[in-house]
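Here's a quick tour of the model you're about to see. Have the viewer open and follow along topic by topic.

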Amino acid sequence: MIFTETKYQLQTVATGRVFEDEGWTLDDKECPTPSMVRPIYEKKQLEVKEGACLGLYRYADWLPIKTMLKKPTEPITYKSESLAAKLGLRNLYITFNGWWPERNVHMTTCSFKEMEAYSVCARLGDDLKDQVLVVASAGNTARAFAKVCSDNNIKLLLCVPQDNIKALWFDKPLNPCVKLITTESGSDYFDAINLSNVVCEMEGYLAEGGAKNIARRDGMSTTMMSATTFIGRTPDFYFQAVGSGTGAIAAWEANLRFIGDGRFGSNKARLIVSQNKPFVPMYDAWRANSRALLPYDADQARKDAAEICAPVLSNRKPPYSLAGGLYDALKDTNGDILAVSNTEADAAKALFEQTEGIDIYHAAAVATASLQQAIERDMVKPDDVIMLNITGGGERRFLAEHEIYLLEPSHVFKIGFTKTEVEGVLAGVKY
């Protein structure tokens, strides 16, 4: 397939203003309030591309990209039989992200965060190729960006909490274009974000942008694109565990595009997202019917984050409140947030492997447990069309089948680091 750069404009959710993308636009500078911007694609109907090794670029019509990278992967959707029967559901569709060769899923990082990385890095224009991309992560996102940037020779600096670097494993040594700095043991994802913000004030470093990066959201939206094109319609329900909620926002935005496409129905999938107790800031705000997140003491947040079985869900500053964020997505879809304990997640994890035959991440198990809760509460009916986004799986099998290499940090920063200290350390880091 000959690739031509995707054509689109940007639109501000809060005001509706349409404007041109300058190449790495993350915000509308003319908008007086915090707001997402969305791409408005020239192609209103999605043409799913056919061809070997296209991966997620099969959905390039709805990805804000300038090129295609090497070795892309994609999520796969299938209709569940065993888990569906166990839960009493007749239309349960599983969108699987991870390592499961028998299902033709080959994500070597075993996480749907690869979809973010393959889309974000494909948005980089020639004018940004000399910049160092900066990514803050609690683990899985860092592993995905490291793999994609290593394979495609893109300069990358990762900022990760020290306690999470065990997640930075790979099946081969990384290209030296990928570097890692961490915040000390006992810190959390928010501390890593603060470190990345300091780095991005320095010349030569480019903020990836997180949820505000349209390429990150639309890369994640390939899960909804996979499910909808496989089912032939948008689902009635969408289940996913959330730390930032970006994946659920992305699914909502893709759903709106499918309504505009006109061939997949007009319904909006109810977003049922879940958090891992006791770290539940969005759940608490939602239960209080509050657009604003409730006060959350930093030390208590770190303590709660350390207790959950799915640490990737521990984002203290998620894109919940801003226009076009998770609060709006839930309101627009009549959605809900559920809270899942470690015990419930462990049981759901075992159930999924017993019925479907593959191990899954604890975050995906939280989503599976929330589906069980929804059934018990009569939120869903046996005939409802349900999409369960399994955001990561197959890791235990992958690790058993491959030799593994770890990424070691160039420096560990104590909480309370200064900009001068960061500048001094990075001056000695060579790509």
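Before we start at the front end, a word on naming: helices (H or I, at least four residues) and strands (E, at least two) are DSSP runs, numbered from the N terminus. With that in hand, K7 sits in the segment before strand 1. Keep in mind that this is a predicted model.

**The front end: K7**
- K7 is out in the open: its relative accessible area is 54%, so it counts as exposed.
- K7 and K43 are 36 residues apart in sequence, yet their C-alpha atoms are 8.0 Å apart in space.
- Leaving aside residues up to four places away in sequence, K7 touches Y41 and E42.

**The 2-1-3 sheet**
- Three strands make an open sheet here, in the order 2-1-3, and the pairing is antiparallel.
- Strand 2 and strand 3 are the edge strands with a single partner strand each, so each has one side without a neighbour in the sheet.
- Strand 1 (residues 8-12) pairs with strand 3 (residues 37-41) in the antiparallel sense, over 5 bridges.
- On the other flank, strand 1 is joined to strand 2 (residues 18-19) by 2 bridges, and these two also run antiparallel.
- L10 is a handy landmark: its bridge partner in strand 3 is P39, and its bridge partner in strand 2 is F19.
- Further along, T12 stands opposite V37 in strand 3.
- Strands 1 and 2 form a hairpin with 5 residues between them. In that turn, G16 has a positive phi of about 85°.
- Which side chains of strand 1 are buried, and which are not? Y8, L10 and T12 point to one face and are buried, while Q9 and Q11 point to the other and are not.

**Nonpolar cores**
- The largest nonpolar core has 78 residues, and within it L156 and L158 touch the most other members.
- A separate core of 39 residues lies apart from that one, with L83, L87, I272 and A374 among its members.
- As a rule, nonpolar side chains in soluble globular proteins tend to be buried together.
- Back to L156: beyond residues up to four places away in sequence, its contacts include V132, L133, V135, F145 and A146. C149, C177, V178, K179 and Y431 are also among the residues that L156 touches.

**Cysteines**
- How many disulfides are there? The count comes to 0.
- C121 is in no disulfide, and the nearest cysteine sulfur, that of C149, is 3.7 Å away.
- Why no bond for C149? Its sulfur is 3.7 Å from the closest cysteine sulfur, in C121, and that is too far for a bond; the cut-off for a disulfide is 2.5 Å.
- Both partners of this unbonded pair are tucked away: C121 is buried at a relative accessible area of 1%, and C149 is buried at 0%.

**Helix 4**
- Helix 4 (residues 189-200) has 12 residues, and at 1.5 Å a residue it should span 16 Å. The C-alpha atoms at its ends are 16 Å apart, so the two values agree.
- Is helix 4 mostly covered or mostly open? It is mostly covered, with 9 of its 12 residues buried.
- The buried ones are Y189, F190, D191, A192, I193, L195, S196, V198 and V199.

**Aromatics**
- The structure holds 13 aromatic pairs.
- In one of them, the ring centres of F96 and W100 are 4.9 Å apart with planes at 65°, so this pair is edge-to-face.
- F96 counts as buried at 1% relative accessibility, and W100 counts as buried too, at 6%.
- Elsewhere, W62, F258 and F264 form one aromatic cluster.

**The loop at G88**
- Look for G88 in the loop between helix 1 (82-87) and strand 5 (92-96).
- G88 is partly exposed, with a relative accessible area of 39%.
- How far apart are G88 and D61 in space? They are 27 residues apart in sequence, and their C-alpha atoms are 37 Å apart.

Methods
Residues numbered from 1 in each chain as written. Predicted model: local features only at pLDDT ≥ 70, side-chain atom pairs only at ≥ 80, totals over all residues. Heavy atoms only, no water. Buried < 20%, exposed > 50% of the residue type's maximum accessible area, 1.4 Å probe, protein only. Core = buried A, V, L, I, M, F, W, Y, C linked by side-chain atoms within 4.5 Å. Contact = heavy atoms within 4.5 Å. Pairing = 2+ DSSP bridges. Expected span 1.5 Å × (residues − 1). Phe/Tyr/Trp six-rings, centres within 6.5 Å; stacked < 30°, edge-to-face > 60°.
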